[in-house]
Amino acid sequence: MNRIHYGGDYNPEQWSPEVWTEDMKLMTEAGVSLVSVGIFSWATVEPAPGAYDFGWFDQVMDNLAQYGVGASLATMTASPPPWLSVKHPEILPERADGTRLWPGSRQHYCPSSPIYREYAGRLVEQLAQRYGDHPALKIWHIGNEYGCHTRQCFCDVSAEDFRRWLRDRYGDIDTLNENWSTTFWSQRYSDWAEIFPPRAMPTFGNPAHKLDFARFSDDAILQCYLVERDIIRAHTPDVPVTTNFIGLVHKPIDSYKWAAEQDVVSLDSYPDPYDRRSHVEAAFGYDLIRSVKGGQPWLLMEQAPSAVNWRPRNAPKAPGVMRLWSWQAIAQGADAVLFFQWRQAVGGAEKFHSAMVPHGGPDTRTHREVQALGRELAAASEIADSRVRAEVAILHDWDNWRAVEGDAHPGVVELLPAHRAHFDPLFDAHVTVDVVHPATDLSAYKLVVVPNLYLLSQAAAEALTRYVAAGGTLVVSFFTGIVDEQERAYLGGYPAPLREVLGLKIDEFWPLPVGGSIGVDGGTGTIWSEWIETEGAEAVATFTEGELAGRPAITRHEYGEGVAWYLGTRPNPALMRTLLDRVRAEAGVEPVLPGLPDDVQAIVRHGAEADYLFLLNHSASDVTVTLPAPAVDLLGSDASVTSVSLAAHGVAVLRH
């Protein structure tokens with residue numbers, strides 16, 4: 001991309017042409033180079049079926065080209081126009097209880113609807129033909145925030161599509177019955193027509209049924225994307241395509257699977273300014289989004305310049321925080337910083353969402369910070385296309401996420417808090433982490449961390465075993481390796497596929513009461529405990545109270561050339577930090593920069609001709625950092641320095 005792109009969502013249909021002229025002037029002054037345009041324009045460019053009105057949008061695109069602003073051109077299909085729902089009410093989605101969701105907000109369509117896909121495809125064909133050669137076009141933005149509101153649909157159209165998906169997956173009904181364990185509770189099916197989405201039921205549904213419906217729902221949404229993507233590629237094969245993932249990590253959408261269908265991946269990021277650890281939550285999401293495309297730079301497609309509108313209490317970003325969090329995304333691999341949105345809306349549900357140009361106009365704190373950041377990013381273009389490298393991987397799997405948080409388990413395990421329990425101590429120790437799928441080649445990592453990977457394929461288990469045997473260091477937390485891909489329990493003692501490499505077996509789960517804890521050597525454990533029988537592993541820590549007193553809580557097992565650790569509980573944060581510090585030291589994993597305070601983030605991007613050290617002060621206090629070697633301060637004097645003074649929320653970018 002040859003630069004760090006800067007801009008935001010641009011919605012000119014909300015404004016008069018006179019305002020468009022001012023927009024171009026202000027964008028030039030702010031250093032805007034890329035805007036997402038047309039995301040919610042369907043009803044305006046097609047006010048009636050087949051009656052297209054692109055004249056006003058032609059002018060918008062021409063304006064962008066004239067002023068040197070690139071277009072991330074959306075396919076405009078994120079919110080169908082009201083006439084489509086009236087003409088074809090069968091496109092509207094339904095909840096599990098049969099409630100139909102009506103127009104009046106956005107994303108009011110059934111992902112499986114062939115009618116929705118047909119009308120969306122017609123519009124995309126028009127856009128591709130009309131703007132494929134336009135000089136403003138830089139990248140296609142397919143849809144918008146897929147799965148944000150309509151994550152699953154339970155209507156009859158979806159039911160038929162689900163049956164088709166199941167036929168493709170299993171081939172015949174007997175194979176489905178075997179994989180779904182339908183002999184339990186007399187659920188055996190004799191015909192595909194007997195299968196429905198997991199609608200409202202008297203009690204717990206079949207776990208395999210629910211897991212497959214989650215997989216299907218993800219695939220149904222992906223098919224909407226692919227219909228549009230394929231039309232775009234047929235007309236403009238050399239223009240890259242993307243779509244924006246949401247929620248930092250979003251349960252309905254498998255980012256690993258979706259990333260394979262995009263040229264570059266994008267993410268929307270909205271950390272809560274009220275939460276002093278929001279930057280750590282964001283860091284986990286950034287490490288994951290960077291990892292889903294093998295370390296390729298990604299695009300921060302949306303963030304808030306200040307406050308959002310959708311939380312119960314919406315705090316603004318304090319002075320400097322917008323700049324800090326923008327540079328954090330770049331430090332963790334982003335090559336673009338965009339906002340929602342360019343100009344703050346006068347009406348509608350998001351009128352109190354902050355914008356690059358607020359209701360108060362350009363003479364506001366927010367816009368002055370927007371302009372300053374634009375100038376800074378323009379001067380740091382050399383960073384673009386450099387890469388982040390990590391020696392540590394955390395394993396994440398969407399199928400496991402959907403399964404581990406299912407019903408009727410020994411206890412409640414929430415996967416994102418589990419990830420954070422393992423990720424945060426590494427982040428605070430200034431260790432760079434990739435977040436990868438279990439099928440990833442792990443051989444380049446010195447340390448692999450596996451939080452609660454309840455659903456584990458035999459192939460992934462064998463790969464983890466080989467990884468340790470070849471010299472890797474593995475950390476596995478409880479309730480891992482319990483079921484296969486179809487929610488069928490492994491037999492032979494938990495965790496059967498990892499017993500050999502871990503050197504132990506679990507006879508019984510002893511989950512802890514809500515809010516409860518159990519004593520462990522050096523601290524406490526939460527969430528879970530287990531009756532562990534060692535089979536070669538040594539007990540590094542034992543439980544210190546109750547029926548499990550004296551029994552192993554944390555174990556270490558030398559296997560082949562490597563080491564496998566097991567956590568039979570979730571250590572309290574201080575104990576987890578102590579444990580992971582020991583594990584990573586033994587594995588030879590060093591912090592990016594030793595001796596930094598916890599609230600100063602350090603990360604390196606590696607370029608073809610230089611490396612770039614980012615120092616990000618997430619605290620409200622000034623900090624001075626001594627560098628291990630002289631480096632050039634890109635955001636300061638552009639001179640060689642041996643130490644850096646970081647103000648509260650300050651940023652330094654150093655070339656060496």
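**View 1. What packs over helix α15 in this predicted model.** The cover over the buried residues of α15 includes the strands β11 (392–395), β13 (447–450), β14 (473–477), β20 (552–559) and β21 (562–567), together with the helix α16 (499–502). Keep in mind as you explore that the model is predicted.

**View 2. The two sides of α15.** Here is the helix itself: α15 has twelve residues, 458–469, and its first and last C-alpha atoms lie 17 Å apart, close to the 16 Å expected at 1.5 Å a residue. Its buried residues are Ala 460, Ala 461, Leu 464, Thr 465, Tyr 467 and Val 468. They sit on the same side of α15 because they cover an arc of only 160° around the axis. In an α-helix with 3.6 residues a turn, residues three or four places apart point the same way. Turn to the other side of α15 and you will find Ala 459 and Arg 466, both exposed.

**View 3. Just past the end of α15.** Gly 471 follows just after the helix, and its phi is positive, at about 120°.

**View 4. Inside the second largest pocket.** This pocket holds about 900 Å³ of space. It is lined by 39 residues, and those closest to its centre are Pro 207, Lys 210, Gly 406, Asp 407 and Glu 487. Two elements, α8 (207–235) and α13 (398–404), give two or more residues to the lining.

**View 5. The makeup of the pocket lining.** Helix α8 supplies the largest share of the lining of the second largest pocket, with eight residues. By residue class, the lining of this pocket divides into 21 nonpolar, nine polar and nine charged residues.

Note on methods:
Residues are numbered from 1 along each chain as its sequence is written. This is a predicted model: local features need pLDDT of at least 70, side-chain atom pairs count only at pLDDT 80 or more; totals for chains, interfaces and linings use all residues. Side-chain values use heavy atoms; hydrogens and water are left out. Helices (H or I, at least four residues) and strands (E, at least two) are DSSP runs, numbered from the N terminus. The expected span of a helix is 1.5 Å times one less than its number of residues. Buried means under 20% relative accessible area, exposed over 50%, partly exposed in between (1.4 Å probe, protein chains only). The arc is that of the directions from the helix axis to the C-beta atoms. Contact means heavy atoms within 4.5 Å. On a 1 Å grid over the protein atoms alone, a cavity is a set of points where a 1.4 Å probe fits but cannot get out, and a pocket is an open set with protein on both sides within 12 Å along at least five of seven lines; lining residues have an atom within 4 Å of a point. Grid points are joined across faces, edges and corners, and a volume is the space filled by probe spheres set on the points. Ala, Val, Leu, Ile, Met, Phe, Trp, Tyr, Cys and Pro count as nonpolar, Asp, Glu, Lys and Arg as charged, and the others, Gly among them, as polar.
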